[in-house]
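These notebook entries record what I looked up in one protein structure. I set them down for a reader who has not met the structure before.

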Amino acid sequence: MLEDLTTATFSPTSWPAAYPKGYAVVDVETTGLARDDRIISAAVYRLDARGEVEDHWYTMVNPERDPGPVWIHGLTSESLEGAPLFPDIAEEFTTRLQGRVLVAHNAVFDWQMIAREYARAKCEAPVRQRLCTIALSKELGLPLPNHKLESLAAHFGVVQRRAHHALDDARVLAEAFRPSLRAAAANGVRLPLHECRPLTEWSDRPATPRIGQQAGPRGYGGYRQTSWRPARKRPACPYPNPGRYEAGGRLKQGMRVAFSGDTSTERELLEDRATEAGLHVATSMSRLTSLLVTNDPDSGTSKVVKARQFGTPIVDEAAFGQLLGDVEPASEG
């Protein structure tokens with residue numbers, strides 16, 4: 001049983017030598033959740049090896065487009081008009097992230113948003129590993145009612161003052177991460193670290209307006225809008241779909257495989273391996289999907305919900321990796 005997360009004490013010699021030497025607790029607010037959405041504010045709390053705060057930093061960012069759901073983040077076009085562009089703050093952001101593990105709540109989202117902004121600025125994000133506090137709370141077995149930041153904060157008695165404000169969200173996460181990190185160290189828990197691979201295959205394309213928007217001289221909503229997509233396109237799967245995967249059986253070439261949530265192996269690498277094995281990588285869930293791969297089957301994402309509705313089998317990343325080692329050839333004829 002894990003030690004109490006708030007009263008455990010630590011001697012200098014008890015800290016795991018393999019743990020990272022520093023962390024950057026990050027929160028970004030964005031214009032939305034899609035690939036072409038932009039960061040409008042960012043905050044970083046730098047922590048030392050044991051989770052103690054060293055300093056913090058916050059900035060607004062002009063997204064060069066409409067700000068999206070103002071009713072959530074509170075940042076209007078007027079308030080963002082004079083804010084710096086991302087290339088203007090990229091160097092300072094780099095200083096805050098350099099040599100540290102990026103820590104965030106649902107870290108894959110923050111990482112992808114940050115990586116895309118760096119790609120647009122034609123430079124590389126200085127992040128090699130990330131840690132998701134949702135994954136860490138699961139490793140620790142915290143009795144949380146859900147995976148929201150407010151629930152994690154309440155568990156540790158951290159008072160949230162301005163939800164969806166990057167600086168306050170980052171502060172709350174930093175205060176909740178410290179006892180989580182110490183509990184992990186005291187009990188020899190392996191930290192759920194994930195590799196971050198830089199984005200190198202992105203190109204822009206003409207923007208399309210959102211519903212109800214009209215184009216202005218600088219784009220939509222008074223800002224120039226750009227959109228981003230992967231430069232490569234996967235070849236079509238040459239094999240017919242043989243149907244659903246059956247538990248305990250083998251994958252078969254042509255099966256449609258979808259992915260959801262964070263993975264220890266970068267998502268594109270997993271998709272490449274699946275494609276090379278003769279599987280069809282699906283970007284969405286349907287009744288024809290053969291298998292869903294996720295490390296968080298209780299996450300409630302749209303793909304997980306649909307998989308449950310359709311009766312689609314679900315396996316985790318480790319199980320999928322084993323299945324990839326023995327994929328059955330497609331039927332002839």
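The entries below go from the whole chain to single strands, helices and residues.

**Entry 1. Overall counts**

I noted before anything else that the model is a predicted one. I then looked up the secondary structure, which comes to 10 helices and 14 strands. The protein has 333 residues, and 47% of them count as buried. I also looked up how far apart in sequence the contacting residues are. Among contacts between residues at least 6 apart in sequence, 68% join residues at least 24 apart.

**Entry 2. Strands S1, S2 and S3**

I began with the pairing of S1 and S2. The two strands run antiparallel and are joined by 9 bridges. As an example of this pairing I recorded Tyr23, whose bridge partner in S2 is Leu47.

I next followed S2 to its pairing with S3. Strand S3 covers residues 53-60, and its pairing with S2 is antiparallel over 7 bridges. Here I recorded Ser41, which stands opposite Met60 in S3. S2 and S3 form a hairpin, with 4 residues between the two strands. In the turn I found Gly51, which has a positive phi of about 90 degrees.

How many of the 10 residues of S2 are buried? I found that 9 of them are, and the strand is thus mostly covered.

**Entry 3. Arg38**

I looked up Arg38 in the loop between strand S1 (22-30) and strand S2 (39-48). Is Arg38 buried or exposed? Arg38 counts as buried, because its relative accessibility is 6% and the cut-off for buried is under 20%. I then asked what the side chain of Arg38 makes a polar contact with. The partner is the side chain of Glu117, at 3.0 Å.

**Entry 4. Helices H3 and H4**

Glu117 led me to the helix pair H3 and H4, since I found Glu117 listed among the H4 residues that meet H3. Helix H3 spans residues 86-97 and helix H4 spans residues 107-120. The two helices pack at an angle of about 130 degrees, and their axes are 10 Å apart. I therefore entered H3 and H4 as oblique to each other. In passing H4, H3 makes a left-handed crossing.

I listed the residues that meet between the two helices. From H3 they are Phe86, Ala90, Phe93, Thr94 and Leu97. From H4 they are Ile114, Glu117 and Tyr118.

**Entry 5. Phe86**

I chose Phe86, which lies in helix H3, for a separate look. Its relative accessibility is 2%, so I counted Phe86 as buried. Which residues does Phe86 touch, not counting residues up to four places away in sequence? They are Val61, Phe93, Glu117, Tyr118 and Ala121. Val61 is 25 residues from Phe86 along the chain, and the C-alpha atoms of the two are separated by 6.1 Å.

**Entry 6. Two residues with positive phi**

I reminded myself that most residues other than glycine have a negative phi. I then recorded two residues against that background.

Glu64 is not a glycine, although its phi is positive, at about 60 degrees. I located Glu64 in the loop between S3 and helix H1 (70-73). Glu64 is buried, because its relative accessible area is 12%.

Lys122 also has a positive phi, near 60 degrees, in a residue other than glycine. I located Lys122 in the loop between H4 and strand S5 (129-132). Lys122 counts as exposed, because its relative accessibility is 77%.

**Entry 7. The sheet of S12, S11, S13 and S14**

I turned last to a sheet of 4 strands. The sheet is open and its strand order is S12-S11-S13-S14, with parallel pairing. Which strands are the edge strands? They are strand S12 (280-282) and strand S14 (314-315), and each pairs on one side only.

Strand S11, residues 256-260, pairs with S12 in the parallel sense over 3 bridges. I recorded Arg256, whose bridge partner in S12 is His280.

I then looked up two helices that lie across this sheet. Helix H8, residues 267-276, lies across S11 and S12 and runs at about 170 degrees to S11. Helix H9, residues 302-310, lies across S11, strand S13 (291-294) and S14. Its direction is at about 140 degrees to S13.

Definitions and conventions. Residues numbered from 1 in each chain as written. Predicted model: local features only at pLDDT ≥ 70, side-chain atom pairs only at ≥ 80, totals over all residues. Heavy atoms only, no water. Buried < 20%, exposed > 50% of the residue type's maximum accessible area, 1.4 Å probe, protein only. Polar contact = N/O pair within 3.5 Å; in protein donor to acceptor, adjacent residues only side chain to side chain. Pairing = 2+ DSSP bridges. Axes fitted to C-alpha atoms, helices over the stretch in contact; angles between N-to-C directions. Parallel < 35°, antiparallel > 145°, perpendicular 65-115°, else oblique. Left-handed = near helix turned anticlockwise from the far one by under 90°. Contact = heavy atoms within 4.5 Å.
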